[in-house]
Every structure is written in structure tokens, then in C-alpha cells.
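User: I am new to reading protein models, and I would like a close look at how the ligands are surrounded. Please explain each term as you go.

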Amino acid sequence: MSLKEKINLSKLPQHIAIIMDGNGRWAKQQGEQRIFGHENGVKSVREAVEACAELGVNYLTLYAFSTENWNRPQEEVIALMQLLVHTISAETATLNKNNIRLQAIGDLKSLPADCYNELQEAIEKTKDNTRTTLVLALSYSSRWELLNAVQQIAEKIQNKTLSPQNITENTINTHLCTAGMPEPELMIRTSGEHRISNFLLWQLAYAELYFTDKLWPDSN
Ligand code: IPE
Ligand code: IPE
Ligand code: MG
């Protein structure tokens, strides 16, 4: 029996979130620069997206670049952004062929202009797809997202379109980047690190956490 046949499809999570970690260590093992690891991580992204689409997982959120990742050496940040632009433009046709919708969460305006434009174009081109939604977390961190939500809510209170006693959990949900998405039931982190690293802190409240020692480029 194949692994796929063993999966109980009636118990499939609606939303899986993944911290794709270990690209740098994988490259080091091969005696290569860190960016080689990021490039090889793209294959695992493709596999994960295809597996979710095939099984019928509605949402897959991938942590691709955190707010904190801006502090990495400039060379690595530039190479990662270039990889992102290139990958998005190269994969849009496949996303459409496989009926996969692309979305993104995070401080997207902080991305380089070519990256932002490529991303918006791919989001627009795939917006009517219905099989699976692939959410890229880019320049994302949960504290940034929560801070943003608090600022928006405070503005509504100031202009009297919302009163403090009417703030509910749903008010917070609807001011997060993930508004309208189901909460992840499963969060996976590769590379043996047992941390959440500022990822979906509010949304993961009830998620199962699964940690594997495999490095992301080996996770396919
Ligand atoms: C994850 O791999 C990818 C990104 C954060 C962009 P890392 O680059 O964090 O790889 P390690 O953790 O240094 O091995
Ligand atoms: C988390 O991985 C962010 C992404 C996978 C994009 P990091 O490697 O950046 O996180 P830390 O530094 O180990 O917490
Ligand atoms: Mg890491």
C-alpha cells in the first residue's frame, strides 16, 4: 500500500502551515553557498504544493521569508528576492494548470518592486483557481501582523466606527492577514529546530505541531 493510500482522506487538515527550514545547513553539507540550498528548496516547495493539491488540502501556507530575515547578509537577501521573482514567474503557468490559487501574507510593500509586481501579477492571474490555495508568508512575522491589527482596530475606535466592548476574537481574526482563511490544523517545521519563530502565533493556537529533523531541500 502506498503512503498516499494509507492516508485517511476524511481526516485531512484543511490548512497546513510549514516553516521551511534548513536550506543553509543543507548547502553547507554539500560544500556550497547558502543560496544553493534555497535554490534546491524550490523543488520541495513544488512537491509540497502538488501533494496538497492532489490530496485535497485547501490551504497550504509556506513561511518563505520572515521580518527577521531582512537582517541576514545583504548578499543572501538579494539572492533570495531574485529567486523569488524568478520562481513566481516560472511557476504561474503550472499553478494555473493545476488550478492552484496563489495568495501572500506579510508586509508585501517592503519587498523590492520587481518582486512585489511579479507577486501581484501571479496572484491576479491565479485568483479564480479553486483546488488549493498556496499562501506565501513573505516579509511576515506574527508580531508585525498583530501590531498592524491593533493599529487598525485603534483607528476604528478613534473614529468611532467600533467601540471597545464590541471587540471580539472575530474582530482580531478579521484584521489579520489571514482573514477569511481556516486556521491551520497542522504546523510542520523541518531541520530539527523546535521553535515557532514568529509564525502565525494567533492562528496556531490549536494546531498540532510536527517537527522533523529533515532539512527542507531533503523534504520531498
Ligand atoms: C530556511 O532556511 C529558508 C529561509 C529562512 C529563507 P535557512 O536559510 O534558515 O537555513 P538554515 O536554518 O540556516 O540551515
Ligand atoms: C524561520 O526560519 C523563517 C523561515 C523559514 C522563512 P529562520 O531560520 O529564519 O528562523 P530562526 O532564526 O531559526 O528562528
Ligand atoms: Mg533557519
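Analyst: Let's begin with the vocabulary: helices (H or I, at least four residues) and strands (E, at least two) are DSSP runs, numbered from the N terminus. A residue belongs to the shell around a ligand if one of its heavy atoms lies within 4 Å of that ligand.

This is a predicted model, where local features need pLDDT of at least 70 and side-chain atom pairs count only at pLDDT 80 or more, while totals for chains, interfaces and linings use all residues. Residues are numbered from 1 along each chain as its sequence is written, chains are lettered from A and ligands numbered from 1 in the order in which they are written, and side-chain values use heavy atoms, with hydrogens and water left out.

Now to ligand 1. Its shell includes Met20, Asp21, Gly22, Asn23, Gly24 and Arg25, as well as Arg34 and His38. Helices α2 (23–29) and α3 (34–55) each supply at least two residues of this shell, and α2 gives the most, with 3 residues. Sorted by class, the shell has 3 nonpolar, 5 polar and 4 charged residues. Here Ala, Val, Leu, Ile, Met, Phe, Trp, Tyr, Cys and Pro count as nonpolar, Asp, Glu, Lys and Arg as charged, and the others, Gly among them, as polar.

Next come polar contacts, which to a ligand are pairs of N or O atoms within 3.5 Å. Polar backbone atoms make several of them: an oxygen atom of ligand 1 is 2.8 Å from one in Arg25, an oxygen atom of the ligand is 3.2 Å from one in Asn23, and a backbone N or O atom of Gly22 lies 3.3 Å from a ligand oxygen. On its own, ligand 1 has 380 Å² of accessible area, and the protein covers 87% of it; such areas come from the Shrake-Rupley method with a 1.4 Å probe.

What surrounds ligand 2? Among its neighbours are Ile19, Met20, Asp21, Tyr63, Phe65, Arg189, Arg195 and Ser197. Strand β2 (residues 59–66) gives the most to this shell, with 4 residues. By class, there are 5 nonpolar, 3 polar and 4 charged residues. Side chains make polar contacts here: an N or O atom of Arg195 is 2.6 Å from a ligand oxygen, and for Asp21 the distance is 3.2 Å, as it is for Arg189. Alone, ligand 2 exposes 390 Å², of which the protein buries 76%.

Finally, one shell member leads into the interior. A nonpolar core is a set of buried Ala, Val, Leu, Ile, Met, Phe, Trp, Tyr and Cys residues joined through side-chain atoms within 4.5 Å, where buried means under 20% relative accessible area. The largest core has 32 residues, and Ile18, Leu60, Leu102, Leu119, Leu134 and Leu138 touch the most other members. Helix α4 (74–97) is one of the elements that each supply at least two of its residues, and α4 gives the most, with 7. A second, separate core of 14 residues includes Ile19, Tyr59, Ile105 and Leu200. Ile105, in strand β3, is buried because its relative accessible area is 1%. Leaving aside neighbours within four places in sequence, Ile105 is in contact (heavy atoms within 4.5 Å) with residues including Thr61, Val135, Met181 and Leu200. In soluble globular proteins, nonpolar side chains tend to be buried together.

Methods: A polar contact is a pair of N or O atoms within 3.5 Å; within protein, one must be able to donate a hydrogen and the other to accept it, and residues adjacent in sequence count only if both atoms are side-chain atoms. Buried means under 20% relative accessible area, exposed over 50%, partly exposed in between (1.4 Å probe, protein chains only).
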